[in-house]
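Trainee: I'd like a close look at the empty space in this one, inside and at the surface. Take your time and walk me through it.

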Amino acid sequence: MAKTITFGIQKGGSSKTTTSGIISYLLARDGYKVLAVDMDSQGNLTDLLTQKDLTFFEGKTILDAFKEDDARKYIYNVSENLDLLPADDFLATLAKFIYREYERKQKMDGNFLLRETLKQVKDEYDFIIVDTPPSLAEPMINAICASDEVVVLCESSKWAFTAIERFLETAIHAQMNYNPDLRITGILRNLIDSRRTDSKAFADLIESQYSDLVFSHLVKRKASTGRISLNGFDNNPELDAALEEYLPFYEELKQRVGIN
Ligand SMILES: Nc1ncnc2c1ncn2[C@@H]1O[C@H](COP(=O)(O)OP(=O)(O)OP(=O)(O)O)[C@@H](O)[C@H]1O
Ligand SMILES: [Mg+2]
């Protein structure tokens, strides 16, 4: 039965997609069967993992899986161990689907839509990795309610810092009301700019405020990591350099979720 890990924070541009893409890639490379789930209508994880224009996925996305109650039909195979439930702009209509159709027909709380859909395929994977949009709306709550673990992303800025407390409140609310098995795996400090003293100061502040939650390894801002969005993972000549910053975090993550 797969372990489901959400990468989340409502602050935009905090490396949710980059991190969830890299972790999906690394787990698959290590031989684990991975399903990556794109819960963001921006479709960035879909783009990152497939290097395809999003128009390719029109009518073949996770929203279609939700509507037809059939996850398997919409799973796209990326590589030997890596599959994807893709997203495109139409996922922006998720709330409309939940409240107009899903809750009425299925007599199920709309917060459980993703959990119920993933149940169909959970046995086929070791890990399900969920990328989320920069908002606390339905896609994020669905991701949290479907997950065993949630990793909080935080880049080093004031607005990212102030988002953490609110995100944790939301996750704890979901844990108390919907998903008692949820664990907050930790807070990853990333996009740390070593040339900026304020960046280092925020990284330290997060550590002092959330000492019990922060991952000890933080991820620095690095040009080759940023360019993964352009070049993807296959035939990327600078992939080793791009992943370098993530490897210690990956090891720590595996330890925390109990796979080392
Ligand atoms: N470690 C890194 N070093 C350099 N650039 C990075 C790094 N991580 C992410 N980036 C870049 O920073 C930008 C934001 O990253 P990303 O899109 O992964 O964040 P996000 O939290 O998913 O954003 P959104 O909230 O819009 O979904 C992207 O252009 C990405 O390529
Ligand atoms: Mg993103």
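Mentor: Let's start on the inside, keeping in mind that this is a predicted model. The residues lining the largest cavity are I5, I23, L27, F127, Y250, L253, K254, V257 and I259. Sort that lining by type and you get eight nonpolar residues, no polar ones and one charged. Two helices, α1 and α12 (247–256), each put at least two residues into the lining of this cavity. Of the two, α12 is the one to look at for the largest share, since three of the lining residues come from there. As for volume, the largest cavity comes to about 40 Å³. Don't go hunting for others above the cut-off: the structure has one cavity of 30 Å³ or more.

Now for the open space. The largest pocket holds about 450 Å³, and its lining runs to 24 residues. Nearest the pocket centre you'll find G13, S15, K16, T17 and T18. Helix α1 (16–29) turns up again here: along with α2 (44–50) and α9 (223–226), it gives at least two residues to the pocket lining. The make-up is five nonpolar, 13 polar and six charged residues. Compare that with the lining of the cavity, where no residue falls in the polar class.

So what sits in the largest pocket? That's where ligand 1 is placed. Around ligand 1 there are 18 residues, and the closest of them are S14, K16, T17, T18 and K222. By type, that shell splits into three nonpolar, ten polar and five charged residues.

A few atom pairs are worth pulling up in your viewer. In K16, a polar side-chain atom is 2.8 Å from an oxygen atom of ligand 1. T17 also reaches the ligand through its side chain, with an N or O atom 2.8 Å from a ligand oxygen. G226 uses its backbone instead: one of its N or O atoms is 3.1 Å from an oxygen atom of ligand 1. On its own, the ligand would expose 620 Å², and the protein buries 81% of that area. As for which elements give two or more residues to the shell around ligand 1, they are α1 and α9. The largest share comes from α1, with three residues.

If you want one thread through all this, follow α1. That helix supplies at least two residues to the lining of the largest cavity, does likewise for the largest pocket, and gives three residues to the shell around ligand 1.

Key. Residues numbered from 1 in each chain as written. Chains lettered and ligands numbered in written order. Predicted model: local features only at pLDDT ≥ 70, side-chain atom pairs only at ≥ 80, totals over all residues. Heavy atoms only, no water. 1 Å grid on protein atoms, 1.4 Å probe; cavity = no way out; pocket = protein on both sides within 12 Å on 5 of 7 lines; lining within 4 Å. Points joined across faces, edges and corners; volume = space filled by probe spheres on them. Helix = DSSP H or I, 4+ residues; strand = E, 2+ residues; numbered from the N terminus. Nonpolar A, V, L, I, M, F, W, Y, C, P; charged D, E, K, R; others polar. Near = heavy atom within 4 Å. Polar contact = N/O pair within 3.5 Å; in protein donor to acceptor, adjacent residues only side chain to side chain. Areas by Shrake-Rupley, 256 points an atom, 1.4 Å probe, with all protein chains shown as cover. Sits in = over half its atoms within 2 Å of the grid points.
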